[in-house]
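Student: I would like to learn how to read a structure feature by feature. Please take them one at a time, with the general idea before the case.

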Amino acid sequence: MRLRIYEIADTEEIMKLFYDTIHEVNIHDYTQEQVDAWAPANMNIDVWIKGLGSKFTYVAEENGKIIGFGELEANGHIDRF
């Protein structure tokens, strides 16, 4: 596994990973309505680019595929992880 800094070109793959995780893993702990609100099918890529770029965002990849990401705000708060 390799950890590195987020690049704009990662955005679509991160969005897909986030969506798939919420809808496949977290569906066991939340209702369909909750996961749809948390990770809607029509997420806005521009919002994601702005959000990921405004924090210290790290990407974990293995064999060229993104397998995780985490966002750290300047105040130390951990956002999506």
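Student: Leaving aside neighbours within four places in sequence, which residues is H23 in contact with?

Tutor: Some ground rules come before the case. The model is predicted, so local features need pLDDT of at least 70 and side-chain atom pairs count only at pLDDT 80 or more, while totals for chains, interfaces and linings use all residues. Residues are numbered from 1 along each chain as its sequence is written, and side-chain values use heavy atoms, with hydrogens and water left out. Contact means heavy atoms within 4.5 Å. With neighbours within four places set aside, H23 is in contact with Q32, V35, D36 and A39.

Student: Where does H23 lie, and is H23 buried or exposed?

Tutor: Helices (H or I, at least four residues) and strands (E, at least two) are DSSP runs, numbered from the N terminus. H23 lies in helix α1. Buried means under 20% relative accessible area, exposed over 50%, and partly exposed in between, with a 1.4 Å probe and protein chains only. H23 counts as buried because its relative accessibility is 15%. The C-alpha atoms of H23 and A74 are 29 Å apart, with the two positions 51 residues apart along the chain.

Student: How do I read a helix such as α3, and which of its residues are buried?

Tutor: Look at which way the residues point from the axis. In α3, the buried residues are W48, G51 and L52. They lie on the same side of α3, because the arc they cover around the axis is only 90°; the arc is that of the directions from the helix axis to the C-beta atoms. On the other side of α3, D46, K50 and G53 are exposed. The cover over the buried residues of α3 includes α1, β2 (56-62) and β3.

Student: What are the values for L52 and G53?

Tutor: L52 is buried, with a relative accessible area of 0%, and G53 is exposed, with 54%. Each has a chain-distant position to compare: the C-alpha atoms of L52 and D79, 27 residues apart along the chain, are separated by 9.9 Å, and those of G53 and Y6, 47 residues apart along the chain, by 7.7 Å. Beyond its neighbours within four places, L52 is in contact with Y6, T11, I14, T57, F69, E71 and R80.

Student: How many residues does the largest nonpolar core have?

Tutor: A nonpolar core is a set of buried Ala, Val, Leu, Ile, Met, Phe, Trp, Tyr and Cys residues joined through side-chain atoms within 4.5 Å. The largest one here has 13 residues, and I14, F18, W48, L52 and F69 have the most contacts inside it. At least two residues of this core come from each of α1 (11-25), α3 (45-53) and β3 (65-72). The most come from α1, which gives 4 residues. W48, apart from its neighbours within four places, is in contact with T11, I14, M15, F18, M43, F69 and R80.

Student: How is empty space found, and which residues line the largest pocket?

Tutor: Rolling a probe the size of a water molecule over the atoms shows where empty space is left. On a 1 Å grid over the protein atoms alone, a pocket is an open set of points where a 1.4 Å probe fits, with protein on both sides within 12 Å along at least five of seven lines; lining residues have an atom within 4 Å of a point. The largest pocket is lined by L17, F18, T21, I22, N26, W38, G68, F69, R80 and F81. The elements that give two or more residues to this lining are α1 and β3, and α1 gives the most, with 4 residues.

Student: Where is N63, and what is its phi?

Tutor: N63 is in the loop between β2 and β3. Its phi is near 55°, a positive value in a residue other than glycine. N63 is exposed, with a relative accessible area of 80%.
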